[in-house]
Amino acid sequence: MKIIVCIKQVPSGARVPIDPRTGALVREGCPSDINRDDKHAIEEALLLRSKHGGSVTAVTMGPPQAEESLREALAMGVDEAVLLSDRDFAGADTFVTSYVLAAAIKKLGRFDLILCGKQTSDGDTAQVGPQLAEELDLPQITYARRIQIKDKTLQAQRSLSDGYEVIEAQLPALVTVAREINTPRKPTIGALLDACRKGRVTAWTAGDLEIDRGKIGFNGALSRMTRAFPAKPKKREGKMLTGSVQDVVQDLLKALEGKHLVG
Amino acid sequence: MDFRLTVEEKLIQKRAHEFASAEIEPIAAQIDREKHVPRQLANKMGDVGLLGMPLPRKYGGEDSGFLNWILALEQMHYPVSSASSFMNMTVMVGRGIIQFGTEEQKAQFVPPMCTGELIGSWAFTEPSTGSDPKSLTTRADRDGNYWVINGVKRFNTKGNLDGPAVVFAQVDGTKTTAFIVEKNGLGYANSKPYDLMGNLGTETVDTRFTNVRIPGDRLLGEIGQGFNILLAAAAIGRLGLSIKSVAMAQAALDEAVKYAKQRTRRGVPIGSMQAIQWLLAEAAVRVEGSRWMTYRTAALKDQGSDIMKESSMVKLFATRLAKEAVDMSMQVHGSYGFIRDFKVERIYRGVKENELIEGSSEVQRSIIAGHLLN
């Protein structure tokens, strides 16, 4: 079974500076990590590989420093890594990102399954997985909390707000995973050193892919970020209850009932 | 000159940070309060590959190099300074055995130290001497195929935990010689751990050797080679202590910055006051200078340079500047910094030790001057 995992390097610090001119996040110099949901996708791919055999390839689009996340994915156990990096990719929205990822996946050749995290912690759109499935004309299952594969059929439990539904799809397919699907492994120091010293990361630029130049980067993007700003913390309200103990208890109970916390 | 960390170095740093945040930070206050570092922490460090990082893979290490080790140690010492002495001891003892030991000694003792199954210790200091090998009174006498060791060792860190101790003793009265002694055997008796001022939980004991018999093949290196073995390990020890100082000072500074933003006076954060800003700036400069001097010394070691002088220089520099930076950070806290609930109080108690152990600052000055005048 050949599995492709799409990952993204995201800022890991609590505060990411915002460029006041462009409104974009200033990622350079910020501590970064593999997007948390994507680590669950990597883990699921590794578990499926140990069950069904085959290989796992991690793919990411990003600036050159995204290599760091690919090395970490190699240390977790993926077999190959591909970095899609080109100045012409800059300014991409989710539509462009899925377009470029699709081109790279086509170049990689035959595959059985694509796994993605359900969403990223920076963009938070949850769009790339589904858009990638559309680009590649694949059946897609989102928010999977369990995956089972038998022959060429994939069965997944799809998380809902009040339960889950079971969906089947024929391979090849694309699945985005929810966090409850597994616990991602953490690489050892030795595995990290091996990934950095022996692991191979293939780097492709726009010129290596069969793509329409007009559909990539800032010019290809269908959406524009007009403004980004740090959210203001919600001001908490305090209320002092006074009176006799009985009154205070009654008022407290009433307030808690009003918020459906008791009763 | 490129001062940026490589991808490999950044990933090692990040992994150590993750480990320290998940396994050490939650029990940092408990370690200080109970004066005890949980023994199983060493096994957890071993599972991740943190214990024997710069030691060869052939013997259970990771071949990481010393700069990677230093980057990891910095993260590991950040939450509480005593928890990661397992890492220092493994590398000092493991490297001593690898550099001077026989193939059998390396295979027997180093891999179980790298997993955390055995804990190494380094028994040099005695009640009457700290850094002078000529003044050692512990002696080793031949008895057929055995050596018999008698004497007392002071400040034997981790001396009560099972594993190999590198013990320095005089053979024929004047030949300083190192031996590998399995701790807690017949004739090996420990005092209770010292009630230290800070860095609590390091399990620092006195050990009395009363007719401790060890097989002849536990001689480490050659008779009379003890001083060379000591010097080689001391350079590594100083490097470790330097980055420990940096980590402690950084932790104190981070606390001071946080406090300066939170604490208000007349409605404004105290961080807006110049008196506080100057303290923070002076502390930050001390941390940053010490950090890069330590990184450079580790990089020199990785390049194959002798770091006898440089390790003394960085140890003298970083331990003093860290102490000053921690003092400034505490000053930012005002009276609150003197309360046990505040992390800076714990760091303040611990940071002084760095100027005293692994050769005091005065000893480092003598070593540096010796190199300059030689």
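**Exercise 1.** Determine how helices α4 (residues 66–77) and α5 of chain B pack, and which residues meet.

*Solution.* In this predicted model, local features need pLDDT of at least 70, side-chain atom pairs count only at pLDDT 80 or more, and totals for chains, interfaces and linings use all residues. Residues are numbered from 1 along each chain as its sequence is written, chains are lettered from A, and side-chain values use heavy atoms, without hydrogens and water.

Step 1. The axes of α4(B) and α5(B) lie 10 Å apart, at an angle of about 155 degrees; axes are lines fitted to C-alpha atoms over the stretch in contact, with angles from 0 to 180 degrees between N-to-C directions. Helices are DSSP runs (H or I, at least four residues).

Step 2. Angles over 145 degrees count as roughly antiparallel, so α4(B) and α5(B) are roughly antiparallel to each other.

Step 3. In contact (heavy atoms within 4.5 Å), α4(B) residues including B:Trp69 and B:Met76 meet α5(B) residues including B:Met87 and B:Arg95.

**Exercise 2.** Establish whether B:Ile119 is buried or exposed, and describe its surroundings.

*Solution.* Step 1. B:Ile119 is found in the loop between α6 (103–115) and β1 of chain B; strands are DSSP runs (E, at least two residues).

Step 2. B:Ile119 has a relative accessible area of 3% and is therefore buried (under 20%; exposed is over 50%; 1.4 Å probe, protein chains only).

Step 3. Beyond neighbours within four places in sequence, B:Ile119 contacts residues including B:Phe86, B:Leu161 and B:Lys183.

Step 4. The C-alpha atoms of B:Ile119 and B:Thr90, 29 residues apart along the chain, are separated by 6.8 Å.

Conventions
Parallel < 35°, antiparallel > 145°, perpendicular 65-115°, else oblique.
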